[in-house]
Amino acid sequence: VAFAIPLWAKAVEKYPPDKDATVMRLTAEQFSWQARYSGKDGVFGKQDMKLVSDKNPLGYDDKDPAGKDDFTSPPKDIHVPLIPVGSSFKPVIVHLTSKDVIHSFKVTAMRMTQDCIPGMSIPVHFTPTKVGKFNITCAQLCGNGHASMNAMFVVDSPEDFDKWVA
């Protein structure tokens, strides 16, 4: 316990700076996952609770120039690039939220599980170490379609990620 708890805290509490990571936002909803990426400028467009509506459930500001190059993934198709940095790889920060009920983002291969709560942005971080396709499942019973609440988490080479974005 004396060894494990400080080691665990070091691993989960020290977030890499956004400028040194791949940052994305992942939104859960019954019964799907969808990612938002910041585009070439690396800056997400603003969000404002006053802009929330049926057509804009997360309140993105369409007038914010920083958001003009933001883009979303197709539902259930989440990608991140595997970018070498020195002797390791670029970390990934995922900001999790939910549109409707509590969901739980679980990627067993990455050894991570984190609840997604409506109205909150909860960050998690990890460093992928190999290219591949990994299952995202919901680890929180979220309704009658819970069994279909899955997606693919794809770690691409930088070239394949750029092709996917295009």
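These are notes on the strands, one helix and the core of a predicted model.

1. Residues are numbered from 1 along each chain as its sequence is written, and side-chain values use heavy atoms, with hydrogens and water left out. Local features need pLDDT of at least 70 and side-chain atom pairs count only at pLDDT 80 or more, while totals for chains, interfaces and linings use all residues.

2. One open sheet has five strands in the order 3-2-1-7-10, with mixed pairing. (Strands are DSSP runs of E, at least two residues, numbered from the N terminus; two strands pair if DSSP finds at least two bridges between them.) Its edge strands, 3 (71-72) and 10 (122-126), each pair on one side only. Strand 7 (residues 92-98) runs antiparallel to strand 10, joined by five bridges; Ile 93 stands opposite His 125 of strand 10.

3. Another open sheet of five strands, also with mixed pairing, has the order 4-12-11-8-9. Strand 4 (77-81) and strand 9 (112-116) each have a single partner strand, so one side of each lacks a neighbour in the sheet. Five antiparallel bridges link strand 8 (residues 103-107) to strand 9, and Ser 104 has Asp 115 of strand 9 as its bridge partner.

4. The largest nonpolar core (buried Ala, Val, Leu, Ile, Met, Phe, Trp, Tyr and Cys residues joined through side-chain atoms within 4.5 Å; buried means under 20% relative accessible area, 1.4 Å probe, protein chains only) has 28 residues. Trp 33, Phe 105 and Phe 153 have the most contacts inside it.

5. Leaving aside neighbours within four places in sequence, Phe 153 is in contact (heavy atoms within 4.5 Å) with residues including Ile 78, Phe 105, Met 110 and Phe 126.

Conventions. Buried < 20%, exposed > 50% of the residue type's maximum accessible area, 1.4 Å probe, protein only. Helix = DSSP H or I, 4+ residues; strand = E, 2+ residues; numbered from the N terminus.
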